Amino acid sequence: PEQDKDEISSKKYAYFHYVGPKYGDDRASYFKAAKLLLMPGPVGLVILDSFISRKPLITTDIPGHGPEISYHDNGQNGLCSSFDEVEYANEVNNCLSDNALYAVLVQGCEIGASAHTMKKMVQNCKD
């Protein structure tokens, strides 16, 4: 629903590059180029992308997260702010400017990637 705004912003601001939806292997180059995964709206399975790509997820406490939000450990593998634009921007800025925090979050993503493999999730469903 926000695509028009994104396209307008990408024409207006040189730092904003809208690429549209990407799926499967087409996403890999974007994850590689990124430092963070920003998801201010409801989080679901995208948290697994955060872990696999080692890109800390920054989200908000907005209602409606999927059950996968339970994998998110604030301050350990990502960050969560209140649902407020300024507070969210501050969390992003803090993460980008604090190398020690960023390193902790990346390490947390690595741990998350090990803990939440497809094999382990299938086993959990079977049990």
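Some vocabulary first: a residue is buried when its relative accessible area is under 20%, exposed when it is over 50%, and partly exposed in between (1.4 Å probe, protein chains only). The structure above is a predicted model, in which local features need pLDDT of at least 70 and side-chain atom pairs count only at pLDDT 80 or more, while totals for chains, interfaces and linings use all residues. Residues are numbered from 1 along each chain as its sequence is written, and side-chain values use heavy atoms, with hydrogens and water left out.

**Exercise 1. The whole chain**

Task: Work out which elements the chain contains and how its radius of gyration relates to the value for a compact globule.

Solution:
- Step 1. Count the elements: there are 6 helices and 3 strands. Helices (H or I, at least four residues) and strands (E, at least two) are DSSP runs, numbered from the N terminus.
- Step 2. Read them off from the N terminus, and the pattern is α-α-β-α-β-β-α-α-α.
- Step 3. Compare the radius of gyration with the globule rule. For 127 residues a compact globule would have a value near 14 Å, and the 15 Å of the chain agrees with this. The radius is taken over C-alpha atoms, and the rule is 2.2 Å times the number of residues to the power 0.38.
- Step 4. Add the extents: along its principal axes the C-alpha trace spans about 50 × 30 × 30 Å.
- Step 5. Turn to burial and surface. Of the 127 residues, 29% are buried. The chain exposes about 8,500 Å², of which carbon and sulfur atoms supply 56%; these areas come from the Shrake-Rupley method with a 1.4 Å probe, and for residues only the protein chains shown count as cover.

**Exercise 2. The sheet**

Task: Find the strand order of the sheet and say which strands stand at its edges.

Solution:
- Step 1. Start with the order: the open sheet has 3 strands, arranged E1-E2-E3 with parallel pairing. Two strands pair if DSSP finds at least two bridges between them.
- Step 2. Look for the edges. E1 and E3 (78-81) each have a single partner strand, so one side of each is left without a neighbour in the sheet.
- Step 3. Check the pairing of E1 and E2, which is parallel over 2 bridges. Leucine 37 stands opposite leucine 57 in E2, and leucine 38 has isoleucine 58 as its bridge partner in E2.
- Step 4. Inspect the faces of E2. Leu57 and Thr59 on one side, and Ile58 and Thr60 on the other, are all buried, which leaves both faces covered.

**Exercise 3. Helix H3 and the residue after it**

Task: Is H3 enclosed or open, and what is notable about the backbone of arginine 54?

Solution:
- Step 1. Go through the helix: 7 of the 8 residues of H3 are buried, so H3 is largely enclosed by the rest of the structure. The buried residues are Val46, Ile47, Leu48, Asp49, Ser50, Phe51 and Ser53.
- Step 2. Identify their packing partners, which are helix H2 (28-33), E1, E2, helix H5 (99-115) and helix H6 (118-126).
- Step 3. Zoom in on serine 50, which is buried with a relative accessible area of 0%. Leaving aside neighbours within four places in sequence, serine 50 contacts Leu37, Lys55, Pro56, Leu57 and Cys109, where contact means heavy atoms within 4.5 Å.
- Step 4. Move on to the loop between H3 (46-53) and E2 (57-60), where arginine 54 is found. Most residues other than glycine have a negative phi. Arginine 54 has a positive phi of about 60° although it is not a glycine.
- Step 5. Finish with exposure: arginine 54 is partly exposed, at a relative accessible area of 31%.

**Exercise 4. Proline 40 and glutamate 91**

Task: Locate proline 40 and glutamate 91, and say how far apart they are in sequence and in space.

Solution:
- Step 1. Place proline 40 in the loop between E1 (37-38) and H3, and glutamate 91 in helix H4 (residues 85-97).
- Step 2. Give the separation: 51 residues in sequence and 11 Å in space, C-alpha to C-alpha.
- Step 3. List the contacts, not counting residues up to four places away. Proline 40 touches Ile58, Thr59, Thr60, Ile62, Phe83 and Tyr88. Glutamate 91 touches Ile58, Leu79, Cys80 and Ser81.
- Step 4. Assess exposure: proline 40 is partly exposed at 35%, and glutamate 91 is partly exposed at 22%.
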